[in-house]
Amino acid sequence: MLILAIETSCDETSAAVIENGEKIQSNIVASQINSHKRFGGVVPEIASRHHVEYITLIIQEAMKEANVEFSDLDAVAVTEGPGLVGALLIGVNAAKAIAYAHNLPLIPVNHMAGHIYANQLIEPLQFPLLALVVSGGHTELVYMKEHNRFEIIGETRDDAAGEAYDKIGRVIGVPYPGGKYIDEMAQKGEDVFNFPRAMMQEENYDFSFSGLKSAFINRVHNAEQKGEELDKNDLAASFQAAVVEVLVDKTIRAAKEYEVKEIILAGGVAANSGLRSALSEAVESELDDVSLAIPPLSLCGDNAAMIGAAAFLDYDETGEIDLAMNAYPGLML
Ligand code: KG4
Ligand code: ZN
């Protein structure tokens with residue numbers, strides 16, 4: 001069962017060929033970061049133009065690397081949302097054109113489900129599970145009793161974790177997106193600034209990162225005004241410690257309450273070294289018989305392989321080619 005999957009929700013143009021929802025035949029990702037860097041964030045119009053330019057080439061490359069023809073495919077899958085509407089529409093229309101031309105079922109996929117199912121490319125998921133989904137646009141704790149049933153038990157009230165990383169990254173002058181750079185600096189610093197751990201004491205599983213972001217920015221600006229020099233590695237380490245502590249604490253608490261068999265880490269921030277190691281240690285020391293799935297770095301950020309993995313569950317060989325299919329920028333899980 002071969003699915004051609006397409007992902008264009010933000011600033012990565014990606015196509016993949018996935019076998020039986022679990023084996024990657026190819027996964028080509030073209031990043032546009034260099035075009036957006038100088039603006040300090042993703043410019044939607046530029047993202048759409050890049051997708052238009054690259055989508056056909058990337059699909060061809062994915063098919064070539066997997067050594068398949070359109071006639072070998074069983075379905076086409078594409079991200080329908082959430083994301084930037086103009087960017088999503090490029091993938092959706094490319095997928096529709098291929099499905100129509102080759103008479104293949106078309107499978108719309110939720111981008112966040114894709115991040116969760118990236119883990120299925122490594123090992124089958126074990127239910128009930130709890131997924132900590134942390135990306136540039138989302139921070140959510142998702143409880144799943146079985147395949148395709150998503151219950152959001154907690155989410156950010158303001159900034160997403162990745163968004164907070166990118167915003168404080170700008171303040172200390174690292175390139176966009178700052179998450180990766182802050183993570184590298186954090187490994188060389190110490191948690192000396194004691195930034196706030198927001199909502200730690202509350203019973204719910206919600207998060208908040210905007211207070212932490214403001215505390216960080218105020219500390220940097222205060223020092224600048226006084227001509228005081230702060231150690232950037234220590235700043236990064238202190239910020240990272242605050243983010244990681246809250247994410248891990250709430251995840252472990254929720255895993256206990258919901259009695260899950262597995263915890264899954266997903267999304268771009270899943271690449272964070274501090275989060276990966278703190279969560280591993282906490283699962284090991286605080287939970288019995290709960291496994292932890294952490295995707296390899298290549299599957300943390302946006303990619304089409306994860307879309308193909310999530311699409312497999314919705315495959316129906318009699319499936320329609322829904323040419324009315326649309327992009328939904330605010331799509332929920
Ligand atoms: O999932 P993703 O590729 O795109 C969205 O769907 O948002 O996530 C991108 C986010 C960015 O905010 C980026 O700074 C963050 O993931 N990120 C990291 C790391 N690598 C990427 N954040 C912290 N530490 C990292 N190592
Ligand atoms: Zn993403």
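## Hairpin S7–S8 and the surroundings of ligand 1

Strand S7 (residues 139–144) and strand S8 (residues 151–155) run antiparallel and are joined by 4 bridges. This description rests on a predicted model, and it turns from that strand pair to ligand 1, whose space is the largest pocket. Around ligand 1 there are 19 residues, and the protein covers 84% of the 560 Å² of accessible area that ligand 1 has on its own.

**The hairpin**

- Within the strand pair, Val142 has Ile152 in S8 as its bridge partner.
- S7 and S8 form a hairpin with 6 residues between them, and in the turn Asn148 has a positive phi of about 65°.

**The shell around ligand 1**

- Of the residues that surround ligand 1, the closest are Gly136, Asp166, Asp183, Gly268 and Asn272.
- By residue class, the shell around ligand 1 divides into 4 nonpolar, 11 polar and 4 charged residues.
- At least two residues of this shell come from each of helix H4 (111–117), helix H5 (161–171) and helix H6 (179–186).

**Backbone contacts to ligand 1**

- Gly136, which is among the closest residues, has a polar backbone atom 2.8 Å from an oxygen atom of ligand 1.
- For Gly162, a polar backbone atom is 3.2 Å from an oxygen atom of ligand 1.
- For Gly179, a backbone N or O atom lies 3.2 Å from an oxygen atom of ligand 1.

Terms used:
Residues numbered from 1 in each chain as written. Chains lettered and ligands numbered in written order. Predicted model: local features only at pLDDT ≥ 70, side-chain atom pairs only at ≥ 80, totals over all residues. Heavy atoms only, no water. Pairing = 2+ DSSP bridges. Near = heavy atom within 4 Å. Polar contact = N/O pair within 3.5 Å; in protein donor to acceptor, adjacent residues only side chain to side chain. Areas by Shrake-Rupley, 256 points an atom, 1.4 Å probe, with all protein chains shown as cover. 1 Å grid on protein atoms, 1.4 Å probe; cavity = no way out; pocket = protein on both sides within 12 Å on 5 of 7 lines; lining within 4 Å. Sits in = over half its atoms within 2 Å of the grid points. Nonpolar A, V, L, I, M, F, W, Y, C, P; charged D, E, K, R; others polar.
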